[in-house]
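Colleague: I am new to this model and would love a guided look at it. Please start with the whole and then move in on one part.

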Amino acid sequence: SEMVVDDIKKIINIQQTSNLSYWSYEAYQNEISREDSFSIIAKSNNQTVGFLVARMIQAENCAELYNIG
């Protein structure tokens, strides 16, 4: 599913329990609002269990992975 603002607290929890690089609530919120960014959440049994944040790079016709958990 596409990540929405309501998912951010769950994503930060995954980030903390997985010892990932720190992203603030605002950083996720800003990334969600970018037109060139895509953020996806993974669910199992209706629980958020993972996520991916990436950004499209038009000039290179590719995407760059920014965060995954």
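How much accessible surface does the protein have, and what share of that surface belongs to carbon and sulfur atoms? After that, please take me closely through helix α1 and what lies around it.

Modeller: Happy to! One thing to know at the start is that this is a predicted model, in which local features need pLDDT of at least 70 and side-chain atom pairs count only at pLDDT 80 or more, while totals for chains, interfaces and linings use all residues. Residues are numbered from 1 along each chain as its sequence is written, and side-chain values use heavy atoms, with hydrogens and water left out.

Now to the surface. The accessible surface of the protein comes to about 4700 Å², and 45% of it belongs to carbon and sulfur atoms. These areas come from the Shrake-Rupley method with a 1.4 Å probe, and for residues only the protein chains shown count as cover.

As for the overall build, the protein has two helices and three strands, and along the sequence they follow the pattern α-α-β-β-β. Helices (H or I, at least four residues) and strands (E, at least two) are DSSP runs, numbered from the N terminus. The C-alpha trace spans about 35 × 25 × 20 Å along its principal axes. The radius of gyration is 12 Å, which agrees with the value near 11 Å for a compact globule of 69 residues; the radius is taken over C-alpha atoms, and the globule rule is 2.2 Å times the number of residues to the power 0.38. Buried residues make up 30% of the 69. Here buried means under 20% relative accessible area, exposed means over 50%, and partly exposed is in between (1.4 Å probe, protein chains only).

That brings us to your helix. Helix α1 covers residues 8-17, and its buried residues are I8, I11, I12, I14 and Q15. Seen down the axis of α1, these buried residues fall within an arc of 160°, so they line one face of the helix. The arc is that of the directions from the helix axis to the C-beta atoms. There is a simple rule behind such patterns: an α-helix has 3.6 residues a turn, so residues three or four places apart point the same way. On the other side of α1, K9, Q16 and T17 are exposed.

What covers the buried face? The cover of the buried residues of α1 includes the second helix, α2 (25-33), along with strands β1, β2 (47-57) and β3 (62-68). Contact means heavy atoms within 4.5 Å.

Let us visit two of those strands. S39 lies in β1 and, at 8% relative accessibility, counts as buried. Beyond its neighbours within four places in sequence, S39 is in contact with S1, E2, M3, I32, L52 and V53. I40 is also found in β1, which runs over residues 37-44, but at 38% relative accessibility I40 counts as partly exposed. With sequence neighbours within four places again set aside, the contacts of I40 are S1, M3, G50, F51 and L52.

L52 itself belongs to strand β2 and is partly exposed, with a relative accessible area of 23%. Not counting residues up to four places away in sequence, L52 touches M3, F38, S39, I40, L65, N67 and I68.

Finally, follow the chain out of the helix. After α1 comes N19, whose phi is positive, near 55°. Most residues other than glycine have a negative phi. N19 sits in the loop between α1 and α2 and is exposed, with a relative accessible area of 70%. Y22 has its place in that loop between α1 and α2 too and, at 66% relative accessibility, counts as exposed. Looking back to the helix, the C-alpha atoms of Y22 and I12 are separated by 8.6 Å, although the residues are ten apart along the chain. Another loop, the one between β2 and β3, holds N61, a residue other than glycine whose phi is likewise positive, near 55°.
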